[in-house]
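This report looks at the ligand sites of one model. Please have the sequence and the structure open while reading.

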Amino acid sequence: MTDTIVSADVLVTSPGRNFVTLKIVTASGAVGWGDATLNGRELAVASYLRDHVCPILIGRDPARIEDTWQYLYRGVYWRRGPVTMAAIGAVDLALWDIKGKVCGQPVYQLLGGAVRNRILSYTHATGWDVAALLDAVDAVRDRGFQAIRVQTGVPGLDSVYGVTKDGAAYEPAGRGAGPVEEIWDTAAYLRHVPGALVQVREHVGPNVALLHDAHHRLTPNEAARLGKALEPVDLYWLEDVTPAENQEVLRRVRAQTTTPLAIGEVFTTVWEFQQLITEQLIDFVRAASSHVGGITPLRRIAALAEVWQVRIAPHGPSDVSPIALAGATHVGLATPNFAIQEYMGYPDVVHEVFRHDWTYAEGHLHPGEAPGLGVEVDEALAARFPYERAYLPVARRRDGTLTDW
Ligand code: KDG
Ligand code: MG
């Protein structure tokens with residue numbers, strides 16, 4: 001018998017940081033959860049869903065996941081873009097959750113079953129100076145991580161992407177009336193980072209995977225210089241070396257360095273990855289299961305990438321909710337060219353609002369065996385944390401020019 005969607009509602013909650021969550025309920029009583037969080041623009045996605053998407057979901061067959069994806073992507077005419085794709089991603093995640101629950105199977109089984117026993121994951125180590133960074137690296141190794149993203153402060157700068165002065169977890173979104181403004185100096189960064197990362201490599205030895213995120217700030221030539229300078233560090237990857245636009249520039253970077261490149265947390269469709277994958281300009285795709293429009297397109301990207309020996313490694317910072325993280329881990333367990341999952345971690349209260357079956361142990365994640373995605377939202381607890389306006393920072397050069405953050 002065909003089931004139908006009877007309600008679709010959006011919850012905005014802020015247990016330490018903002019999350020936007022979609023709840024879809026069917027006539028048979030199945031409940032599906034999706035993540036629609038877009039850091040710093042949360043309410044735009046909430047409105048897109050509430051005002052435009054939720055009304056047209058009512059009465060649809062929840063089993064028709066691909067058709068609903070096409071309906072919301074092609075059917076909108078004004079397609080693509082992070083707001084649209086995060087909204088579609090939430091619907092897609094919620095429908096996979098429902099399909100799993102209806103079938104009594106974890107989503108990874110519906111994707112073809114496990115191709116590995118567990119998923120390698122990496123977390124962040126942050127230190128304002130090298131000594132603090134080495135302590136942070138030791139601390140995350142003590143928690144079992146064998147893959148670590150390392151970010152360090154830069155002499156002469158007051159704030160640096162990914163780094164806290166007190167070693168606390170880095171959370172870029174700041175609550176308040178407007179974005180914090182940071183001063184950025186690429187030359188100082190390029191002078192400092194290679195030497196700092198060489199010291200990290202010497203400290204951990206050859207067997208720990210080290211990653212670094214340049215966060216969109218370099219020109220192609222600067223990126224090539226950094227990639228070359230980091231070759232002795234033997235990075236697992238260097239991430240987002242150049243801004244998202246103008247993908248041709250990666251050809252120049254690629255021709256100059258063998259340091260592996262990871263790109264794509266801000267890309268929202270398979271088409272934005274097409275050139276990067278088919279020209280093998282990158283080694284790792286960073287798409288999140290939410291921002292790229294759900295599990296359905298993430299698998300499509302993975303299939304294209306597999307043909308070109310590119311691997312996928314979904315985005316998993318604190319602004320990707322435990323629901324989208326669950327989506328990524330189900331894909332990860334069932335997808336051969338899945339490499340590694342970012343797991344920045346969450347404060348305890350987030351684990352209480354989003355009760356999840358996925359687990360972390362010894363540097364690895366597993367999606368669990370609960371039917372669907374395996375995440376249930378405690379709505380009463382979520383309601384105790386109303387939305388708080390928050391923005392990502394903006395960056396300016398020393399002369400005041402706005403630059404990429
Ligand atoms: O919202 C911005 C964050 O998601 C981003 O800064 C995190 O670059 C990031 C990463 O690789 O986790
Ligand atoms: Mg990144």
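## The metal site and its neighbour

Along the sequence, the donor residues of the magnesium ion (ligand 2) follow the spacing D-x25-E-x25-E. D213 sits in strand β8 (residues 209-213) and E239 in strand β9 (residues 237-239), so this pair ties together parts that are 26 residues apart in sequence. The model is a predicted one. The protein donors are D213 (OD), E239 (OE) and E265 (OE). They lie 2.0 to 2.2 Å from the magnesium ion.

Ligand 1 comes next. Where does ligand 1 sit? The largest pocket holds ligand 1. In that place 14 residues surround ligand 1. The closest are N39, H215, E265, D319 and E342. E265 thus appears in two lists: it is among the closest residues to ligand 1, and it is a donor of the magnesium ion.

What is the make-up of the shell around ligand 1 by class? The shell has 7 charged, 4 nonpolar and 3 polar residues.

Three side chains place a polar atom by an oxygen atom of ligand 1, as tabulated here.

| Residue | Partner | Distance |
|---|---|---|
| H215 side chain, polar atom | oxygen atom of ligand 1 | 2.7 Å |
| E239 side chain, N or O atom | oxygen atom of ligand 1 | 3.0 Å |
| H315 side chain, polar atom | oxygen atom of ligand 1 | 3.3 Å |

On its own, ligand 1 has 330 Å² of accessible area, and the protein covers 93% of that area. E239 serves at both sites: its side chain has an atom 3.0 Å from an oxygen atom of ligand 1, and E239 is also a donor of the magnesium ion.

Notes. Residues numbered from 1 in each chain as written. Chains lettered and ligands numbered in written order. Predicted model: local features only at pLDDT ≥ 70, side-chain atom pairs only at ≥ 80, totals over all residues. Heavy atoms only, no water. Near = heavy atom within 4 Å. Polar contact = N/O pair within 3.5 Å; in protein donor to acceptor, adjacent residues only side chain to side chain. Areas by Shrake-Rupley, 256 points an atom, 1.4 Å probe, with all protein chains shown as cover. 1 Å grid on protein atoms, 1.4 Å probe; cavity = no way out; pocket = protein on both sides within 12 Å on 5 of 7 lines; lining within 4 Å. Sits in = over half its atoms within 2 Å of the grid points. Nonpolar A, V, L, I, M, F, W, Y, C, P; charged D, E, K, R; others polar. Donors = N, O, S within 2.8 Å, 3.2 Å for Na, K, Ca; no water. Helix = DSSP H or I, 4+ residues; strand = E, 2+ residues; numbered from the N terminus.
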